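Good morning, colleagues. Please bring up the sequence and the structure, and I will go through a few selected features with you.

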Amino acid sequence: MSSKITKDLVNKAKNGDAEAFGELYEAYAKDMFRFACYYTGSSSLAEDCVSESVCIAFEKIATLKKADAFKSWIFKILFNCCKKALSEKIRQRETVEISAVSHLSAALQDENEKISLQNALEKLSEEERDILILHYSAGYTSKEIGEMLNLKDATVRSKMMRATAKLREMLHI
Amino acid sequence: MKSNEDILKEIENKFNEDVPLPESLSKSNVVKMLEDKNIRPQKAKVKVLPKIMSAAAILAVVLCTVIAFGMRSDFEVVKTQDETEQASQENFRPESSQETEKETETDITEELEAAGIMVAKSESDLRNHFVKMYTKDGIYNFFDDSIEYVFDIVGGVSTDTAVNDNMQPTVAATAAPMAPQYSTSELKGSAPHGQTNLQEEKVDEGDIIKNDGRYLYIISYDPVNQTEITVVDTKTMSEIYSGLILDEYSRAFSIRDIYFNNNILTAICTLDKDETFVVTYDTTEKHNPKEIRRVDQDGYYVSSRMVGSVLYTVTNYSVRGSTVEEVKNNAIPSVCDCYIPCEKCYIVDEESTRYIVLSAFDTAKPDAEVSSLSILGSGFNTYSSENTLYVYETDYDRGETDGSEGESYIYSEITNIHAFSLDGTNIKFKASGTIPGTCVNQYSFDEYKGNLRVATCYYNYKNDKDVSSVYILDGKLEIIGKVTDIADDEQVKSVRFMGETGYVVTFRNTDPLFIIDFSDPKKPVITGEVKIPGFSSYLHPIGENYLVGVGYDGDEQNANLSSVKVSLFDVSDKTAPKEVDTFVIKDATAVTNSDTKAFFYYPEKSLIGIPVQHQRTHNGTDYGYYGEIYSFKVLKIENGKFTSNIGFMHNGEENSNIRFYNRFFRGTYVGNMLYTIDNYNVIEHNIDNGEKTRECVIGSPESNSQSVVTGTTSAPYIIYD
């Protein structure tokens, strides 16, 4: 989506045009859902998180200062929604229903591989998982991730390198 | 063999494989949902706003500004305001600030005028100033987010979560002052208990842990690593409260610092890094703290101090925007949703696109007015005495030689200092000044009898040497005295001032501790020095005659960055300081190197404590890179010796205790009990015999134990870097 079109749509959305907002959303819908799946490990939670973040984003769109930043802005909201949902889930002492993601795992499972990406991610620490998902799935730079996780960007880079190495080993790449 | 790029590509592809989008999340369904739920965009936060101009009018103003101002400054030294302007401004200025400040304002204006400091003439002038900068070529970049990068380098903003990844000695830290003795009256007859390690006795500093003699207030982490406030009762060793601080959209604030004063808990939080919020709680019911008040302040959180119950918060606000309109709207920072009135915006650096914003309010009074001011300029660190707050930053002066006076002025680094006077909630901008060199940390500063003393260090390109100095500045931040070339070609590592004496540790190969006598502020003199291997990154006075240094070990040639060394100096003879005892911990790093507040001092028992992070190979066991092992070292000082030492193991004894990343590690005490705290556990030990007595899990037990299981049962991975 060109930045001119984005700007135009953001302006329309700011004036209450839900259709325009829907178009903005559509461009990132798949990325958002996939991101939420990886993050929460559950497609039903992911669905809730995406719709919740869409509601918040539309309501708060006036706070978006730069139209170009729409993607990173809406992902930030999604990230917070996912965190909240996961936190509640863990607090309720429920195990995250892995079965719910079976179709996801299946979609990702390579014939030659014993371990899916989802399983591999679960073996990492939360921080490593956050960093990898934010980077590979949402396309954030180490600096942006650092801001979100309260880490220095050099720290993010080194952690990302290590986590990637682990993932690589687990996935036999 | 696959290349690195291929591998990364493959991993990236894995993350981006197609996942079918559920029908409920299709565009049309989402739009329908928004309509069904009747969700509408809210209007932008309503600040007390000047009237909004149309695009055409803005353009006209831009053109006019550019033409009208031409070469001259955008600002004037203001004595009286244009009457019409004033009238129009009163329409949008908050009522509170109108009358009370008028009188004092004129005094300051005169003083500052003499010093050449300008005040914004009107709010629209200020906005236009930024628009003008924005439209000028080359300034565009200043509005880019990349500005934060500079911030991080120069920064040194003490965030509690900052990870000191590569144990570099450059970020040295000094710490503890005389034991702070603020009000324990409400806990009459209670046992002595630990307090935040403060630089100035009467100036409280925000911390991640506060201890009131029975309850511990801790900034902990929830299962997904959002910060929350946890209250632990040390009587029962149980977590009695824990909760996130949320905004109206359920977004969790990142809690940076807390204060505790007479049952009022104050939390300083940030959201998206450029908004700062102060939230106060009444903790009369410990298990159910009640929120009293929320104060918001634009800008990145820099630091804060509390004197009595008055909180001073410093933020750094960057003017951002990618269009003229955005720049105009963002041109002035706000506090409590009110723009800071223009006569309180001091123009220190006209070229700056950043403001330092300072606010003050009394946390004990729920409805007390919030006073605020700002200066156009920047600063990322603070030092505060009871009456003056100093905000400083490192800057780079590309100035060439000024060989005219025989003295050469080639220093690449300079420190800009801005001073604000504090008197309850009455805050005023006092002065700005510049000195050569950079400072190690807030302990490089000290105010004594109205003069400011600052130890700095800079690199002299002319003779390829480091130059360390101490400057004495008067109330107007003009240099009135100095000692330069303290050590030949050595860098300042830590500083401590006590009354008329200053202690400076410099380092190249060995660690000289210098004693400087400041009894005549205009003629400070070095009176004594002692050289020892390694260097201290932090100095703590123990009574009049002793000084403890904590830092790195070393031999004649080099510092050994992988060992902790604690030195006890006898400084009773100012001309001949002596290192009377040492204690070395191998393969470890002291947390105090990066966080001065982590130093522990128990004056009643003459104990000092140092939280230590051990390297991963501890006692011959390689832990891979899972977990960090912490212990707490407590040393007793008697008759100029370390007479006993006890190591309190916090984790790492058994595999099951090794956690993933620790965010912090601290110790505090109540009576005979030592509490070692990280973001997962509070462990109680008997401080006299080292016995571990009880344990309390905080934060997110389920999530952690889960991680621990996966982490320790699978084979360790190989480290690739």
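Does H2(A) pass H3(A) in a right-handed or a left-handed crossing? The crossing of this pair is right-handed. I should say at once that the model before you is predicted.

Let me describe this helix pair. Two packed helices are described by the angle between their axes and the distance between the axes. Here, helix H2 of chain A spans residues 18–40 and helix H3 of chain A spans residues 43–59. Their axes come within 9 Å and cross at roughly 145 degrees. On the side of H2(A), the contact is made by A:Ala18, A:Phe21, A:Tyr25, A:Met32, A:Phe33, A:Ala36, A:Cys37 and A:Thr40. H3(A) contributes, among others, A:Leu45, A:Glu47, A:Cys49, A:Val50, A:Val54 and A:Phe58. Sorted by class, the residues of this contact are 14 nonpolar, three polar and one charged.

A:Cys49, one of the contact residues of H3(A), also leads us to another helix. A:Lys84 belongs to helix H4 of chain A. Although A:Lys84 and A:Cys49 are 35 residues apart along the chain, their C-alpha atoms are separated by 9.0 Å. Leaving aside residues up to four places away in sequence, A:Lys84 touches A:Glu52 and B:Ser250.

I turn now to internal space. Rolling a probe the size of a water molecule over the atoms shows where empty space is left. How many cavities of 30 Å³ or more does the count give? There are eight. The largest cavity holds about 420 Å³ of space, and 22 residues line it. Those nearest its centre are A:Lys83, A:Glu147, A:Met148, B:Ala252 and B:Ser254. Which elements give two or more residues to this lining? In chain A they are helix H4 (70–91) and helix H8 (142–149), and in chain B strand E7 (254–261) and strand E8 (264–271). H4(A) provides the largest share, four residues. By class, the lining has seven nonpolar, seven polar and eight charged residues.

Next come two sheets of chain B. In the first that I wish to show, four strands form an open sheet in the order E22-E23-E24-E25, with antiparallel pairing. Strand E22 (445–448) and strand E25 (479–483) stand at the edges with a single partner strand each, so one side of each is left without a neighbour in the sheet. On average, and ignoring direction, neighbouring strands here are turned by 30 degrees against each other.

Within this sheet, E22(B) is joined by four bridges to strand E23 of chain B, residues 451–460, and the two run antiparallel. B:Phe445 has B:Val454 in E23(B) as its bridge partner. The hairpin of E22(B) and E23(B) has two residues between the strands, and B:Lys449 takes a positive phi near 50 degrees in that hairpin. At the other edge, strand E24 of chain B, residues 465–473, pairs with E25(B) in the antiparallel sense over four bridges. There, B:Leu473 has B:Ile479 of E25(B) as its bridge partner.

The other sheet is also an open one of four strands with antiparallel pairing, in the order E41-E42-E43-E44 of chain B. Its edge strands, E41 (665–670) and E44 (692–697), each pair on one side only. Neighbouring strands of this sheet are turned by 20 degrees against each other on average, direction ignored. Strand E42 (residues 673–678) and strand E43 (residues 681–686) of chain B form an antiparallel pair over five bridges. B:Leu674 stands opposite B:His685 of E43(B).

With that, I welcome your questions.

How values were computed
Residues numbered from 1 in each chain as written. Chains lettered and ligands numbered in written order. Predicted model: local features only at pLDDT ≥ 70, side-chain atom pairs only at ≥ 80, totals over all residues. Heavy atoms only, no water. Axes fitted to C-alpha atoms, helices over the stretch in contact; angles between N-to-C directions. Left-handed = near helix turned anticlockwise from the far one by under 90°. Contact = heavy atoms within 4.5 Å. Nonpolar A, V, L, I, M, F, W, Y, C, P; charged D, E, K, R; others polar. 1 Å grid on protein atoms, 1.4 Å probe; cavity = no way out; pocket = protein on both sides within 12 Å on 5 of 7 lines; lining within 4 Å. Points joined across faces, edges and corners; volume = space filled by probe spheres on them. Pairing = 2+ DSSP bridges.
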